[in-house]
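Student: I am new to this structure. Can we go through it step by step?

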Amino acid sequence: MLDPAGRCGLGSGMDHSPQFLKVVNEARAKVREITIEQARARLAANPKAVLVDVREDSEWAAGHAAEARHLGKGVLERDIEKLFP
C-alpha cells in the first residue's frame, strides 16, 4: 500500500526498515505507470498481451481485474516463462 505521497509501506500495517523503503522508492522512480484506460487499450490492441497480477493470494482473492492472471511475486521468477512463454 502506498501513502498519499506515493511511498511504499506507510499505512499498510507493516513496519518496513528505512533501507527497504529507500530501495522501494528508488525503484518506483524507474517504473513508468500507466492508467487503467491505457492498460485496457494495450490489452485490446495486442491479443497476446497478458496482464499479470503479482499481489499476494489474499489480495487477489479480494478483487482483481477481470483480464488479469495471477502469479504471486514469490514464484514469479520461477514460473513466468513456463506460464507465459
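Student: Of the contacts in the chain between residues at least 6 apart in sequence, what share joins residues at least 24 apart?
Tutor: Keep in mind that this is a predicted model. A contact here means heavy atoms within 4.5 Å. Take the contacts between residues at least 6 apart, then ask how many of those join residues at least 24 apart: the share is 7%.

Student: In what order do the elements of the chain run from the N terminus on?
Tutor: Start with the inventory: the chain has 4 helices and 2 strands. Now place them along the chain. From the N terminus, the order is α-α-β-α-β-α.

Student: What percentage of the residues in the chain is buried?
Tutor: A residue counts as buried when its relative accessible area is under 20%. The chain has 85 residues, and the buried part of them is 16%.

Student: How much of the area that the chain exposes do carbon and sulfur atoms supply?
Tutor: The chain exposes about 7000 Å². Of that area, the part from carbon and sulfur atoms is 57%.

Student: Asp-53 and Arg-55 meet in a salt bridge; which of the two counts as buried?
Tutor: Their side chains meet at 2.8 Å, N to O. Arg-55 has 32% relative accessibility, so this residue is partly exposed. The other partner has a value of 11%, which is under the 20% limit. The buried one is therefore Asp-53.

Student: Which residue meets Lys-73 in a salt bridge?
Tutor: Lys-73 lies in the loop between strand S2 (69-70) and helix H4 (76-83). Its partner sits 17 residues away, in the loop between strand S1 (52-53) and helix H3 (57-62), so the pair links distant parts of the chain. That partner is partly exposed at 41% relative accessible area. The side chains meet at 3.9 Å, N to O, and the partner is Glu-56.

Student: Why are Lys-82 and Asp-79 separated by about one helical turn?
Tutor: Their side chains form a salt bridge at 3.6 Å, N to O. Both residues belong to helix H4. The separation is about one turn because, along that helix, they are 3 residues apart.

Student: Is Asp-79 buried or exposed?
Tutor: Lys-82, its salt-bridge partner, is exposed at 62% relative accessibility. Asp-79 has a relative accessible area of 9%, so Asp-79 is buried.

Student: Which residue is linked with Asp-79 and Lys-82 in a network of salt bridges?
Tutor: A search of the whole structure finds 6 salt bridges. The Lys-82 and Asp-79 pair is one of them. The network that holds this pair also includes Arg-78.

Technical notes
Residues numbered from 1 in each chain as written. Predicted model: local features only at pLDDT ≥ 70, side-chain atom pairs only at ≥ 80, totals over all residues. Heavy atoms only, no water. Buried < 20%, exposed > 50% of the residue type's maximum accessible area, 1.4 Å probe, protein only. Areas by Shrake-Rupley, 256 points an atom, 1.4 Å probe, with all protein chains shown as cover. Salt bridge = Lys/Arg side-chain N within 4 Å of Asp/Glu carboxyl O.
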